[in-house]
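Welcome to a short walk through one protein model. Keep your viewer open and your selection tool ready, and we will go from stop to stop.

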Amino acid sequence: MTTTPTYASYLRLDKLLSLQQPLTPAEQREVSDSERLFIVVHQAAETLLSQVLVDLRHIDAGPCGRQCFAERVARATRLVDALTGQLTLLRRTLRREDFLRFRDRFGTASGLDSEQFKELFARVRKLTKQGEGDHWAEEAGRLGELDDAVRRWRSTHLELVRYMLGDLPGTGETSGADFLAARLDGTPGASAGEQPAAAPPRPAPASAPAARPRSSLGHVVVVGGSVAGLLTAHVLAGHADRVTVLERDQYEDGPGPRPGVPQSRHTHVLLASGMRALDELLPGLLPELTDAGAPRLAVPGDLGVWQAAQWISRRNPSRPIMTPSRPLLEHHIRRRVLAGSGITVRTGVEVTGLLGRPGRVTGVVLRERGGDHHGRQELAADLVVDATGRASRTPQWLTELGGRAPAEEVVETGRAYATCAFHADPPAADLKGFYLVPDAGQPYGAIVLPAEGDRWLVTLSGPREETPPTDPEGFVDFAGLLPHPAVHKWLSAARPLSRPVGYRHTANRRRRYDRLDRDATGLLVVGDAACALNPVYGQGLSAAALNAVALRDALAGPAAPSVHALQRAVLRSSGRAWEVATGADSPVPGATGNAVRGGPAARLLNRYLARVSAHVPNDPVVCAAYRDVLFLLSPPRALLTSPRVLRRALLSSPGPASRDLPTP
């Protein structure tokens, strides 16, 4: 008589559930239950792995047609991703202190003993090395996805072990995490001490993008999910097993200011260099911004630019800029970077320190915001990227590890500014905005630019003794101090849409991480955390994009660069912006800091640059060269080495000054 199986008998649950036998005595309940969790997860992993091998063995045995191959490899890839998820589950649910109490009961047992995982590595290695066959171009993309899934599992496994063990030795008197890394970092299937064989390049599938290059960075943790952090994560994602972005704020569904970005409500521009960099990094982003309402302007073609006590001719050659609001730009960058990228984002978390030792950062300490203020978590990483901006605490964290903070270069003028949004008709003379440039002899400045949503963003700046008020009426009155009445007249007829927001952190500050230990590993600092510029000059967004391009180019070579080389590339990419900002701020009366340029040579240079500035309003050659420097397209030295600029600045007189609003 045939008995119809029940759910329990079909799955043999009685036998299956009797196999979890912790070695910890039952009276030690907390530890015993944790050990049982450890056993359950690993037994489940071996069960899932057995199904992965069923599919791979079927492919290897052949014949397996095109549809069979696609289905089997896709299923194997999903199952391997499930294995990775189990390791993440273990990391989140198994208490480290419990693990350390029962781990010695393993004896010499180790996950490296798993015959199934050894077979998995060997079969994946074999499949990805096969470069022949009628359908190889189509198969390659799917095999690449499987290979990437296995690499993600290996990276997560290593991260879990590093978290659980730290510097402790492994069972069997191995070196622990380092021993595991040596076994896992090689080609899958290679035994200990075996040198991985060189595999032929994998052809890219005809209908899919080329496979991602082999990982060299491991697990990258990016601290700070604003523009600099997102662009850096985007670049590094192509060279890492995985990237995790940690952000203090919660992301909204649409554009909006965030507490962690104090610049959110202020005027922003994308200089020509920043536009070019973003177009290289995220093709199609600029048209998206235009479709979303971000204005594009020619400078000085569309702006009334006041410099050297006169208006600059709008007929002179100029470069375009874009003026999206910061929330709009960040929203579109975030959407493009995170769409299908494999980058993991954790919001609402605050990093409170670094893990590691002097010269070797191995992760971060963090806590959930809004939860237990003292709840400490650790996240291991092969590379930590600080993209937290001006408020970066990395110098302090390095000293807490027993290392030293980087040297700092500072130029501080004490300048402050405030920004307010207005609704108004466009200015006269077909203008789309104003830029009144402050200088050593004239301390007041204004930036009036259109933004999306039929708004005008107005930023007024002044010296430390006379900062712009943060009430609408006082803000408009402050514009009366500007060197030309055009902005004040226009503002007097405009309607404020919000209260002005002030900002005082305008020092130029460059932290020389590139001068720390050349052999240091695990830490890279980008954006304002490395080189913060006076925001009055509108370089910050473009400098962040140039940082990312520099990282992309540094990683494009055949050999993986050191972290020191990457840090140098980042600092070099900010060099032009640093020279422009500090060169403009150093002559300001009352400027302080160890990077203020003084002495006879600086005074001579300033006299020459004053002559160049005087020629900008009416000389198209000097104007174009000057704008290219300000827009970070040319190095500042171009103003000293260009024969055409030198000849005009030194041998000719500037044209007549004009105080009338310029016409097109």
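Some angles come up along the way: axes are lines fitted to C-alpha atoms, for helices over the stretch in contact, and angles run from 0 to 180 degrees between N-to-C directions. The model is predicted, with local features needing pLDDT of at least 70 and side-chain atom pairs counted only at pLDDT 80 or more, while totals for chains, interfaces and linings use all residues. Residues are numbered from 1 along each chain as its sequence is written, and side-chain values use heavy atoms, leaving out hydrogens and water.

**The whole chain**

Start with a cartoon view. You have 22 helices and 21 strands in front of you; helices (H or I, at least four residues) and strands (E, at least two) are DSSP runs, numbered from the N terminus. Switch to a surface: the accessible area is about 30900 Å², and 52% of it belongs to carbon and sulfur atoms. Such areas come from the Shrake-Rupley method with a 1.4 Å probe, and for residues only the protein chains shown count as cover.

Of the 664 residues, 50% are buried, where buried means under 20% relative accessible area, exposed over 50%, and partly exposed in between (1.4 Å probe, protein chains only). Among contacts (heavy atoms within 4.5 Å) with a separation of 6 or more, 73% are between residues 24 or more positions apart.

**The five-stranded sheet**

Now select S7, S2, S1, S11 and S20. In that order, these five strands form an open sheet with parallel pairing; two strands pair if DSSP finds at least two bridges between them. Strand S7 (344-347) and strand S20 (523-525) are at the edges with a single partner strand each, so one side of each has no neighbour in the sheet. From one strand to the next, the twist averages 20 degrees.

Zoom in on strand S1 (residues 219-223) and strand S11 (residues 383-386), which run parallel and are joined by four bridges. Which residue in S11 stands opposite Val 220? Leu 383 does. Val 220 also touches Leu 236, Ala 240, Arg 242, Val 243, Thr 244 and Val 385, among residues more than four places away in sequence.

**The nonpolar cores**

Val 220 leads to the next stop. The largest nonpolar core has 103 residues, and Val 220 is among those with the most contacts inside it, along with Leu 231, Val 243, Leu 289, Ile 333 and Val 364. A nonpolar core is a set of buried Ala, Val, Leu, Ile, Met, Phe, Trp, Tyr and Cys residues joined through side-chain atoms within 4.5 Å. Helix H16 (residues 540-554) gives the most to this core, with eight residues. Apart from it lies another core, of 31 residues, including Val 41, Leu 83, Leu 120 and Met 164.

**Helix H17 and the three-stranded sheet**

Select helix H17 (residues 563-573), which lies across S11 and S20 and runs at about 5 degrees to S20. Why can H17 be called largely enclosed by the rest of the structure? Because eight of its 11 residues are buried. Those buried residues pack against S11, strand S19 (508-511), S20, H16 and helix H18 (575-585).

Follow S19 into an open sheet of three strands, in the order S12-S19-S21, with antiparallel pairing. Its edge strands, strand S12 (408-411) and strand S21 (531-532), each pair on one side only. Two bridges link S19 and S21; Arg 510 has Cys 531 in S21 as its bridge partner. Add H18 to the view: it lies across S12, S19 and S21, at about 135 degrees to S19.

**Three single residues**

Select Glu 330 in helix H12 (residues 326-338). Glu 330 is buried, with a relative accessible area of 4%, and its contacts include Gly 225, Tyr 251 and Arg 258.

Move on to Glu 452, in the loop between strand S15 (445-451) and strand S16 (455-462). Glu 452 is buried at 11% relative accessible area, and its side chain makes a polar contact with the side chain of Ser 325 (2.4 Å). A polar contact is a pair of N or O atoms within 3.5 Å; within protein, one must be able to donate a hydrogen and the other to accept it, and residues adjacent in sequence count only if both atoms are side-chain atoms.

Finish at Ala 149 in helix H7 (residues 136-165). Ala 149 is buried, with a relative accessible area of 0%. Its C-alpha atom is separated by 9.2 Å from that of Leu 79, 70 residues apart along the chain.
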